[in-house]
Amino acid sequence: MSLKNIRVLCATAALCLISISSYATVVEIRTSLGDIEVNLFDDATPETVENFLSYVNSGAYANVVVHRSVSGFIIQSGGYEYYGSTAAGEVPLEAIETGPTVINEPVYSNLRGTIAMAKLSGSADSATSQWFINLTDNSSNLDTQNSGFTVFGQVSDAGMQTADVIAITSTVDLGGAFTDIPMLDYTATDFSNDVVIAEENLVVIADVVVTDAAIDTAASLSPAENTLIDADSSTGGTSSSGGGAFSWLTLLALAGIATRLKSILS
């Protein structure tokens, strides 16, 4: 076989590997409190899945934390990473670098056990890196607010057990973008007394990894379609009114884009 043919075969193989990795279906979110397996909806929400996997494949989600937990609503991550400072009175988190925004794809409903993208208020196509897991049926609000929030995957039953453990973890108000951050063995009093925040006090995501690259693994799932967005559009709704649940996501996304944490809390 000629050297030219070998090069062509190598290039073809590389392209195949890129294609497979770009359309991987099952990922595992490896948190300090357990793993969360997610089956992605590649076919129904291709732009969102590709965007999410771009952060996964680049390692951008390594050492991010679950920085917001709202009981009976959502847990949220994908925006801030732990950088390991031991300075008293400092919150050792900073915003991760984000890529371009992704188009909104509100195909499925925000029911318990789904994962969706956070975005800015009044801007349907503003999602970048931040995502949240629905702890309950949030469809009446999130399926229509701001043109609907894009559900792009389904968390496994075992994964939801981990999500529920995170959800019942006590939260502390650290100010800025972190008014409801879940923390372990750390209290508001500790923060007031400038007790150093260690890694073990946070719900840290060591990494998000692809575990199954078969794009048809979602075929066995039956996610509920978002029918409310169609009804809202047909009645001339603007999807811009601020519900209580939506305001949490808005505040989080605004804080993530507006500033890095160290400047917020300095």
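User: What is the relative accessible area of Ala 231?

Analyst: This is a predicted model, in which local features need pLDDT of at least 70, side-chain atom pairs count only at pLDDT 80 or more, and totals for chains, interfaces and linings use all residues. Residues are numbered from 1 along each chain as its sequence is written, and side-chain values use heavy atoms, with hydrogens and water left out. Ala 231 lies in helix H6 (residues 228-234), where helices (H or I, at least four residues) and strands (E, at least two) are DSSP runs, numbered from the N terminus. Ala 231 counts as partly exposed because that class lies between buried, under 20% relative accessible area, and exposed, over 50% (1.4 Å probe, protein chains only), and the value for Ala 231 is 38%.

User: Which strands pair with E1?

Analyst: Strand E1 (residues 26-31) has five of its six residues buried, so it is largely enclosed by the rest of the structure. Two strands pair if DSSP finds at least two bridges between them, and a hairpin of two residues leads from E1 into one of its partners, E2. Six bridges join E1 to E2 (residues 34-40) in an antiparallel arrangement, with Glu 28 facing Glu 37. On E13 (residues 204-212) the bridge partner of Arg 30 is Asp 207, and E1 again pairs in the antiparallel sense over six bridges, which gives the two names E2 and E13.

User: Which element gives the most to the largest nonpolar core?

Analyst: A nonpolar core is a set of buried Ala, Val, Leu, Ile, Met, Phe, Trp, Tyr and Cys residues joined through side-chain atoms within 4.5 Å. The largest one has 31 residues, and those with the most contacts inside it are Phe 52, Tyr 61 and Trp 131. Among the elements that give two or more residues to this core are E1, E2, helix H2 (46-58) and E13. The greatest share, five residues, comes from H2.

User: How wide is the arc covered by the buried residues of H4?

Analyst: In helix H4, the buried residues are Gly 159, Met 160, Thr 162, Ala 163, Ile 166 and Ala 167. They sit on the same side of H4 because of the narrow range they cover around the axis, where the arc is that of the directions from the helix axis to the C-beta atoms. On the other side of H4, Asp 157 and Gln 161 are exposed. The arc of the buried residues is only 155°.

User: How many residues apart in sequence are the parts that Arg 68 and Asp 180 tie together?

Analyst: A salt bridge is a side-chain nitrogen of Lys or Arg within 4 Å of a carboxyl oxygen of Asp or Glu, and Arg 68 and Asp 180 form one at 3.1 Å, N to O. Arg 68 lies in strand E4 (residues 68-70), while Asp 180 is in the loop between strand E11 (171-172) and strand E12 (181-182). Both Arg 68 and Asp 180 are buried. The separation of the parts they tie together is 112 residues.

User: Which residue meets Arg 30 in a salt bridge?

Analyst: Arg 30 counts as partly exposed because its relative accessibility is 35%. Its partner counts as buried, at 17% relative accessibility. The two side chains come to 2.7 Å, N to O, and the partner is Glu 28.
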